[in-house]
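Subject: A structure for you to look at

Dear colleague,

I am handing over the structure we spoke about, and I would be glad if you could look through it with my notes beside you. Please open it first and then read on.

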Amino acid sequence: MVLFGYSEGGFASASAAELAATYAPELNIQGAYVGAPPADPTLNIDTLDNTGLGSAVLFAVDGMINAYPDRAAGIRDLFDSDGIAALDAAQNWCTTDPAASEIVRTTELTRDGRPLTEQLSNPVLAEITAANTVGRIAPAMPVYLSHAVEDDTVPIEQSRTL
């Protein structure tokens, strides 16, 4: 078996490569391809905020809410009524929906008007963000990491950090 993924799939491939020895030791994984992974959530929000790709920020927050239901209320409390409405709407979007390509400005969605990048130090998000950052466990198999230097969606710094 070989793990393969690009962009968010690259994150998934990197995460699976890190966790394979403890999560699925019975699998015979020969290697992993990790392409342009948004490996550290704290490094990617700025490039998406205030752009037509900002829905990815909403998808990420919704993912945290869904993956950590015990923290959902605390995460949602960081957002004002417009932010809650955007998060709720994004739960039903596909990346091809017109609404998913509208510009998202997180300063217009948070309760205190600070951008989401500044919210990441909040204890309710800091632990989740740290737990969802790859690059802390050396995979037991070979990994091929690739990334375009000029990538304007997932900055090359993501792979350099990984």
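Below I go through the sheet, the aromatic pairs, the nonpolar cores and one helix.

Please keep in mind throughout that this is a predicted model.

I begin with the sheet, which is open and has 3 strands in the order β1-β2-β3, with parallel pairing. The edge strands are β1 and β3 (143-146), each of which pairs on one side only, and the twist from one strand to the next averages 5°. Between β1 and β2, which run parallel, there are 5 bridges, and F4 stands opposite Y33 in β2. Helix α1 (residues 8-23) lies across β1, β2 and β3, and it runs at about 150° to β1.

The aromatic rings come next, and here it helps to know that a pair of such rings is described by the distance of the centres and the angle of the planes. The count comes to 3 aromatic pairs. One of them is formed by F4 and Y33, whose rings are stacked, with 4.8 Å from centre to centre and 20° between the planes. Because F4 lies in strand β1 (residues 2-6) and Y33 in strand β2 (residues 31-35), this pair ties together parts that are 29 residues apart in sequence. You may ask of F4 whether it is buried or exposed. With a relative accessibility of 63%, F4 counts as exposed, whereas Y33, at 18%, counts as buried.

Another pair joins F59 and W93, and since the ring centres are 6.4 Å apart and the planes stand at 75°, this pair is edge-to-face. It links distant parts of the chain, with F59 in helix α3 (residues 55-67) and W93 in the loop between α5 (81-90) and α6 (116-119), 34 residues apart. F59 is partly exposed, with a relative accessible area of 26%, and W93 also counts as partly exposed, at 23% relative accessibility. Apart from the pairs themselves, F4, Y33 and Y144 form one aromatic cluster.

For the nonpolar cores, a general remark may help: in soluble globular proteins, nonpolar side chains tend to be buried together. In this model the largest nonpolar core has 22 residues, and those with the most contacts inside it are L58, V61, I75, F79, L116 and L125. At least two residues of this core are supplied by each of α2 (45-48), α3, α4 (72-76), α5 and α7 (123-131), and the largest share, 5 residues, comes from α3. If you would like one residue to follow on the screen, take I75, which, leaving aside its neighbours within four places in sequence, is in contact with V61, M64, I65, V124, L125 and I128. There is also a second, separate core of 6 residues, including L3, A17, I29 and M141.

Finally, please look at α7, and consider which of its residues are buried. They are V124, L125, I128 and T129, and because they cover an arc of only 105° around the axis, they are on the same side of α7. These buried residues pack against α3, α4 and α6, while on the other side of α7, P123, E127 and A131 are exposed.

With best wishes

How values were computed. Residues numbered from 1 in each chain as written. Predicted model: local features only at pLDDT ≥ 70, side-chain atom pairs only at ≥ 80, totals over all residues. Heavy atoms only, no water. Phe/Tyr/Trp six-rings, centres within 6.5 Å; stacked < 30°, edge-to-face > 60°. Helix = DSSP H or I, 4+ residues; strand = E, 2+ residues; numbered from the N terminus. Buried < 20%, exposed > 50% of the residue type's maximum accessible area, 1.4 Å probe, protein only. Core = buried A, V, L, I, M, F, W, Y, C linked by side-chain atoms within 4.5 Å. Contact = heavy atoms within 4.5 Å. Pairing = 2+ DSSP bridges. Axes fitted to C-alpha atoms, helices over the stretch in contact; angles between N-to-C directions. Arc of directions from axis to C-beta.
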